[in-house]
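Student: Could you take one part of this molecule and go through it with me slowly? I would like to see how a patch on the surface is put together, and then how that part fits into the rest.

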Amino acid sequence: MNLTLHLTENCNMDCSYCIREKCPKDMTEEVLFKACDLAFSRGQSAGLCFFGGEPLLKKDLIYKALDYCEAKSQQTGKRFSCKMTTNGTLLEEEFLERAVKADMGIGLSFDGKAQDVCRFYAGGGTTSSVVEKKAKLLLKYMPNATALATIAPQAVPYYAESVRYLHDLGFSKVSFVIAYGNRVNWTDDDLEALRGQLEMTASYLKELFIRKEHFFMSAINAKIRDCISGKNPAERCHLGVRQMPVTPDGDLYPCTSFIGDKNYLLGNVFEGINDKKVTEIARKASTPETCVNCDLVKRCTNSCGCSNRMNTGDENKVSPLQCTYERMLIEISDALGEELYQIDPERFAREFS
């Protein structure tokens, strides 16, 4: 089974849109090893995602988990996989050498040219120059690493420029999402500006397609791919079924935004998982009533309970912001997909099927 380990609730950065409450609370070795055992206790494979706060603040726990799980994989014959999301400021060669040995996937939280708009060190100080240097180091060891950008309203003017910048830096895959939660305030003007930036990004993706350069920009490329394959992005949300968070105390929840709500507590690493509760919670991951008759119901992430809860306080209620964003994203992606198909149908099929 797959678990997301919240190794610490602390972070060395203080991003303006982050909704996580920071405090000096770390996972103990006892909880760590129990979580590893739990990951191996079900299914034919075990997967861990190292998360935080900033997980590299607890690098020692990551090393211990890798050693423990690699030994357990040999003992049980079950495949072990791991990944990590990091702000990158603490990356170093020694860690990356160990991560490569473990075949770890790393997602670097990096907002590109918008980095210094929202992403600051705790206590102040810009981070762009440090993270750019660390990004180059990461790509040296992991050429297929992913850049993860979160765009808040004030960073919208840098959106398309950031896509170009991250591609030029060497990333072949980037993920762009907009910032949600109570620390951001989107206006109609912001959304109109975002539309313009998405259209410029689509033009750049078209340019790369014509140049036959492979580049995956998830916000747009995934919409085209899912449309072609007939996949429903909403089906990726299965509260607690695919990737269950583990708090520093060892408690289990269906998703990050539910942590602390005892109504959604699914057990803990010491006593195990409450399967009845998991089934009950998973059944709640359904299409919101307001979306059922929408023509785009199978094209957007309307049933993501975590996102809905973050935006509206109700996992079954979609926010107007998310609806507006998804609609413009689908419209722009569909238009780009049609253009790319007309340019080279065979390459289009290879890229998106």
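**A charged patch and its surroundings**

Tutor: In this predicted model, Asp 188, Asp 189, Glu 192 and Glu 199 form a negative surface patch. Let us begin with Glu 192, which is found in helix H7, a helix that covers residues 188-210. Glu 192 counts as exposed because its relative accessibility is 54%, and the cut-off for that word is over 50%. Glu 199 also has its place in helix H7, but with 41% relative accessibility Glu 199 counts as partly exposed. There is a further point about Glu 199 that the sequence alone would not show you: its C-alpha atom is separated by 9.7 Å from that of Ala 335, although the two residues are 136 residues apart along the chain.

If you now follow the chain past helix H7, you come to Lys 212, which is found in the loop between H7 and strand E7 (216-217). Lys 212 has a positive phi of about 60 degrees although it is not a glycine, and with a relative accessible area of 61% this lysine is exposed. A similar note can be made for Asp 103, whose phi is positive at about 55 degrees although Asp 103 is not a glycine. Asp 103 has its place in the loop between helix H3 (93-101) and strand E4 (105-109), and its relative accessible area of 64% makes it exposed. Another loop to look at lies between strand E2 (45-51) and helix H2 (59-76), and it contains Gly 53; here a cis peptide bond joins Gly 52 and Gly 53, with omega at about 15 degrees.

From the patch we can turn to charges that are paired. Side chains of opposite charge can pair when their charged atoms come close. The structure holds 22 salt bridges, and one of them brings together the side chains of Arg 211 and Glu 207, at 2.6 Å from N to O. Arg 211 counts as partly exposed at 42% relative accessibility, and Glu 207 is partly exposed as well, with a relative accessible area of 30%. In another salt bridge, Lys 22 pairs with Asp 14, and the closest N and O atoms are 3.8 Å apart. Lys 22 is partly exposed at 31% relative accessibility, and Asp 14 is partly exposed with a relative accessible area of 36%.

A further salt bridge joins the side chains of Glu 351 and Arg 347, at 3.6 Å from N to O. These two residues are separated by about one helical turn, because they are four residues apart in helix H12 (residues 345-352). Glu 351 is partly exposed, with a relative accessible area of 26%, whereas Arg 347 counts as buried at 7% relative accessibility. Elsewhere, salt bridges that share partners join Arg 164, Glu 207, Arg 211 and Glu 213 into one network.

Finally, we can place these parts in the whole protein chain, which has 12 helices and 11 strands. Of its 353 residues, 51% are buried, and its C-alpha atoms fill a box of roughly 55 × 45 × 45 Å along the principal axes. The radius of gyration of the protein chain is 20 Å, and this agrees with a compact globule, because a globule of 353 residues would have a value near 20 Å.

Definitions and conventions:
Residues are numbered from 1 along each chain as its sequence is written. This is a predicted model: local features need pLDDT of at least 70, side-chain atom pairs count only at pLDDT 80 or more; totals for chains, interfaces and linings use all residues. Side-chain values use heavy atoms; hydrogens and water are left out. Patches are made of residues with over 30% relative accessible area and no salt bridge: like charges are joined within 9 Å, nonpolar side chains (Val, Leu, Ile, Met, Phe, Trp, Tyr) within 5 Å. Accessible areas come from the Shrake-Rupley method with a 1.4 Å probe; for residues, only the protein chains shown count as cover. A salt bridge is a side-chain nitrogen of Lys or Arg within 4 Å of a carboxyl oxygen of Asp or Glu. Lys and Arg count as positive and Asp and Glu as negative; His and the chain ends are not counted. The place of a charge is taken as NZ of Lys, CZ of Arg, CG of Asp or CD of Glu. Buried means under 20% relative accessible area, exposed over 50%, partly exposed in between (1.4 Å probe, protein chains only). The radius of gyration is taken over C-alpha atoms; the globule rule is 2.2 Å times the number of residues to the power 0.38.
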